[in-house]
Amino acid sequence: MSVRATITSLFEQVAREQQRKLSPLSDDLKLLASGLDSLSFALIVARLEDKLGYDPFDTAESFPVTFGDFVRLYESHSR
Amino acid sequence: MWLWGSLTASGTPPSGCLYGAGARIELATLAGASSLGARLEALRGRTVLVAARDQLSAALALIELDGVVRRMVLCPPDHAPAVVRDSGADAYLTDAGADAGADAGATAVRGLEGLHVSSAAALRPLGLARRRSHDTEWILLTSGTSGAPKLVQHTLASLTSAFSAQEAPPGPLVWGTFYDIRRYGGLQIFLRALYHGSLVLSSAAESTADFLARAAAAGVTHISGTPSHWRRALMSGATARISPRYVRLSGEIADQAILDSLRHAFPQATVAHAFASTEAGVGFEVRDGLAGFPAGLVGAPGAAVDIDVAGGTLRLRSAGNATGYLGAHAPALKDSDGFIDTGDRVELRDGRYVFIGRSGGVINVGGLKVYPEEVEAIINAHPGVRISLVKARRSPITGAVVTAEVVLIEGAATGAQAEELVKGEILQACRRALAAHKVPMSIRIVPALEVSGSGKLVRPDA
């Protein structure tokens, strides 16, 4: 599965678990307007580390603002 | 000392403002007007739960009740019924409408006299001049092992000790805080703002970007929050709206990554991280942009706060310490030397102490404490579970998240499919019984857990 597909499925999975209504995941969607709270993001980042084997926040210079930023942060780290 | 008296000690009314999400109150108007009106006198000498949901309504009540009531209990919106029993309250203030009878707040205050307050409506004439009759106790809530909150006793003097001896700033400040002012970290900012200027209050119903926009409109110069608040603010993409001179972090471990990110976002500001706890008060503030704190702070002679490290945990002794816990069976707060053990574990590395977690495994998820024992109690109630260990996993978003390791009773689940089923049942039970931040993000089935010589589970530093 691609990094993007993994991220998308985790957003959907965590939203279901946390009973939050997820906005359609487009690249320009602001993360804080996605319907998820900080705890949801924390769960997504932890599970991504389990699946992908890295946590790009460790070395990130700036925090992702949109869903597209978030995906790029992980994609650029995987290369 | 009392709050209104301190604010008007110079003979002139305070010049600042309180900015709520929906209304704005000039502090000077409180000289002749009140959110309580004539009912203020009816509360004199009593014990009052301040249980308003709206922060501005609560803020006005705190200003008006100090010096008037015997004791006030600062209830965040999610307070528990146990608070009423242990606080000895005989009245409460609420801003819930008459139709809110079914909400949890109404159950919690059954049997008490309730008074409705609101900051949205116009203030009422005060009638009399404000008058001090009591050294009001300020009671703050903090989470406890069993899930029931602990009631921590402060005075206005202990709450203001971290800044009352300092020189007043040359001009008025405009503070903002992501914190709820009913929590210690937020209350510190509330009091500083009252003494030194204005405050922009946050609102649970408002987005981070909207709060920052309001803070910007008010001309915020000083702004505070937990590292988790700040990570959220950075994710909002709206930090460019404000240009504060001072950015403060407290309430959780400030790691180098978040300090660097804030330095980058606010190049013109001093980025400071402060150590404080509800029980021990404010310990110190670090302004050099580095995580942890210089070892020289420990045992420094003549300091306003005595800082000590013993058994690997940070201990504080100062006029900012709480005076005690309230309620039957309350544990001792201080040791025989008058120090309070903060439970925060530190380690000396290259001349600096860095925070490595909490003793007893207490987990800090985005500023909210999780006692592993209360989560383990739910997990252990599953008929297939022999024992479990709940611990922290580091998170770049909330500082930590909760995970669990579980030892099953022999034969309770054989095969991967059966194990998945049990894990699902455990998670369901946790979601039913616990707040979302306490539910383990993952459950790992392990063959055994390490038990120490004294027969206790070996807990890692959270």
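Select strand β25 (residues 385-395) of chain B together with β26(B): the two pair in the antiparallel sense over ten bridges. Strands here are DSSP runs of E with at least two residues, helices are runs of H or I with at least four, and both are numbered from the N terminus. Two strands count as paired if DSSP finds at least two bridges between them.

Before proceeding, note that this is a predicted model, in which local features need pLDDT of at least 70, side-chain atom pairs count only at pLDDT 80 or more, and totals for chains, interfaces and linings use all residues. Residues are numbered from 1 along each chain as its sequence is written, while chains are lettered from A and ligands numbered from 1 in the order in which they are written.

**First stop: the sheet of β25, β26 and β27**

Remain with the β25(B)-β26(B) pair and display B:Ala392, which stands opposite B:Val402 in β26(B). Then display B:Lys391, whose opposite residue in β26(B) is B:Thr403. A hairpin of three residues joins β25(B) to β26(B).

Next, select β26 (residues 399-408) of chain B by itself: seven of its ten residues are buried, and the strand is mostly covered. A residue is called buried if 20 or more other C-beta atoms lie within 10 Å of its own, exposed if 12 or fewer do, and partly exposed in between, with C-beta atoms placed from the backbone.

Add strand β27 (residues 442-445) of chain B, which pairs with β26(B) in the parallel sense over four bridges. Here B:Thr403 faces B:Ser442 of β27(B). To pass from β26(B) to β27(B), the chain runs through helix α12 (residues 416-433) of chain B in a right-handed β-α-β crossover. Right-handed signifies that, with the strands pointing away from the viewer, the path from the first strand over the helix to the second runs clockwise.

With the three strands shown together, the open sheet has the order β25-β26-β27 (chain B) and mixed pairing. β25 and β27 of chain B are the edge strands, each with a single partner, so one side of each has no neighbour in the sheet. From one strand to the next the twist averages 25°; axes are lines fitted to C-alpha atoms, for helices over the stretch in contact, and angles run from 0 to 180 degrees between N-to-C directions.

Now select helix α2 (residues 38-52) of chain A, which packs on this sheet and touches β25 and β26 of chain B, its direction making about 95° with that of β25(B). Contact requires that the C-beta atoms of two residues, placed from the backbone, lie within 7 Å. Helix α12(B) also packs on the sheet, touching β26 and β27 of chain B, with its direction at about 140° to that of β27(B).

**Second stop: where the chains meet**

Colour chains A and B separately. The contact takes 19 residues from chain A and 22 residues from chain B. On the chain A side, twelve residues are nonpolar, three polar and four charged. Ala, Val, Leu, Ile, Met, Phe, Trp, Tyr, Cys and Pro count as nonpolar, Asp, Glu, Lys and Arg as charged, and the others, Gly among them, as polar.

**Third stop: the two domains of chain B**

Select domain 1 (3-297 + 318-326) and then domain 2 (362-445) of chain B; these bounds come from an automatic or database domain assignment. Their C-alpha centres lie 33 Å apart. Twelve residues of domain 1 of chain B and eleven residues of domain 2 of chain B make up the contact. Helix α9 (residues 227-236) of chain B supplies the largest share of the domain 1 side, three residues.

**Last stop: the eight-stranded sheet**

Display the open sheet of chain B in the order β2-β1-β12-β11-β13-β14-β15-β16, in which the pairing is mixed. Its edge strands are β2 (24-26) and β16 (281-286) of chain B, each paired on one side only.

Within this sheet, select β11(B): five of its five residues are buried, so the strand is largely enclosed by the rest of the structure. B:Leu173, B:Trp175 and B:Thr177 lie on one face, B:Val174 and B:Gly176 on the other, and all are buried.

Four bridges join β11(B) to the parallel strand β12 (residues 197-200) of chain B, where B:Ser198 is the bridge partner of B:Val174. The chain crosses between these strands through helix α7 (residues 184-196) of chain B, again with a right-handed β-α-β crossover.

Finally, β11 (residues 173-177) of chain B runs parallel to β13 (residues 222-225) of chain B, joined by three bridges. B:Thr177 stands opposite B:Ser224 in β13(B).
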